[in-house]
Amino acid sequence: MKVFFIGYGQAGGKIVDKFIESNLRTGSDSFRGIAINTARTDLMGLQHIAFEDRVLIGQTVVKGHGVGTDNDAGARITFDEIDIIMNAIDRKGIGGTEAFIIVAGLGGGTGSGGAPVLARYLKKVYHEPVYVLGMLPAPEEGKLYSYNAARSLATLVNEADNVFLFDNSAWKNEGESIKGAFERLNDEIVRRFGILFRAGEIGAAGIGEMVIDSSEIINTLRGGGISSLGYAITELSDPEFESERGIGKLFRRQTRREERPEDKLIGEDKASRTLSLVRRAMLGRLTMPCDYTTAARALVLVAGPPNELDRKGIEKAKSWVEENIAGVEVRGGDFPAQSRYIAAIVLLATITNTPRITKLIETAKEIKEANEKLDEQSGMKMDESIDLLFE
Ligand SMILES: Nc1nc2c(ncn2[C@@H]2O[C@H](COP(=O)(O)OP(=O)(O)O)[C@@H](O)[C@H]2O)c(=O)[nH]1
Ligand SMILES: [Mg+2]
């Protein structure tokens, strides 16, 4: 799929920077991207997004120093300077774009407040779907971050065509600081969503049996709401490695064959390997932990060397996913890629009943009530401005 990324705020910019890097590394032309921020230093820290594609907004208001955790300010500045942003997108050129993806951390200020406003404008101006890839804050970041994330998410599900979530708190390790985890988490994000967003790309690795095209991703996401992604890989045995071994080759080869049935996978075996990989992807840790049985639609994608993938495995995996989710629409295909690994992703689209989001909304309500008490005391209304923008 040809994707136009807009990295909004610090987290968004860093992650889009990595998507662009992966594009440069693989020689693909599927991704293009720009970064938008109120903080100059965040933009300066990027490495792969071209300088002319880094857009500083709110200069007259915050003078390049960012909005902190004030997502009202993030929304207002975006609203006031939407022309600057839309011009930057135009200048980059949207030719061939099949989807816009706004990437933002939902707990902060610039991305949290700005992403919903930008989503609304993009939808007004362009026909292509507008998706958001949002990162949820960890509770330890503080209640204000949860509050921001809840407000941003509530608005985003109305403005965007679908919201992919990644829950920072589910992905950081015990004892690891959230800041220390970001590099690693960003790699996990780009690895998973990179496969999904690249699906349908015709690469050097040949033609797959069942290559999916962008419209299948778009149709899977049509229900809107919130979506989550599962991922698993398996390593293929390496025949070159084996032939490099000298003495005892014969013996070793025989035992290896017994130990590593993957060496000679054919037909049925290949299919069950695909099925078990897809099961691992869906039952393992999802980008947004959720009850997969609530998903309205799903998409299964298996990436690897074409001779290791087969139609039957993907069909089996699709049926298995269909038996396990709420809806009956399960799409799927393969993605030829020259690799020592086979990777599977399962997109669970339009999920409901996520305890993490229920918790987030509870925290937000507590804060809202506390704020209202403060408002009464001070005679000011704190919670009006962002809501006003969307009435
Ligand atoms: N996964 C991930 N999350 C991040 C990263 N940086 C910040 N975040 C999250 O995003 C939220 C917003 O932070 P930030 O992007 O700095 O805010 P903004 O610049 O005002 O949009 C934080 O509360 C974190 O939960 C990052 O590099 N990776
Ligand atoms: Mg920041």
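**Reading the sheet and the ligand shell**

In this predicted model, Met-135 stands opposite Phe-166 in S6.

Me: What makes strand S5 and strand S6 a pair?
Reply: Two strands pair if at least two bridges are found between them. S5 (residues 130–136) and S6 (residues 162–167) have six bridges, in the parallel sense. Therefore they count as paired.

Me: Why is one side of S3 and of S9 left without a neighbour in the sheet?
Reply: The sheet is open, and its 10 strands run in the order S3-S2-S1-S4-S5-S6-S7-S10-S8-S9. Strand S3 (54–56) and strand S9 (329–336) stand at the edges with a single partner strand each, so one side of each has no neighbour there. Neighbouring strands are turned by 20° against each other on average, direction ignored.

Me: Which strands does helix H7 lie across?
Reply: H7 (residues 143–159) lies across S5, S6 and strand S7 (226–235). H7 runs at about 160° to S5. Helix H6 lies across S1, S2, S4 and S5, at about 165° to S4.

Me: Which elements each supply at least two residues of the shell around ligand 1?
Reply: They are helix H1 (9–26), strand S4 (99–105), helix H6 (110–125) and helix H9 (178–198). H1 gives the most, with four residues.

Me: Why do the glycines around ligand 1 count as polar?
Reply: Gly is placed among the polar residues by definition. Gly-9, Gly-105, Gly-107, Gly-108 and Gly-111 come nearest of the 20 residues around the ligand. Therefore these five belong to the polar group. The shell divides into 11 polar, seven nonpolar and two charged residues.

Key
Residues numbered from 1 in each chain as written. Chains lettered and ligands numbered in written order. Predicted model: local features only at pLDDT ≥ 70, side-chain atom pairs only at ≥ 80, totals over all residues. Near = placed C-beta within 6 Å. Axes fitted to C-alpha atoms, helices over the stretch in contact; angles between N-to-C directions. Contact = placed C-beta atoms within 7 Å.
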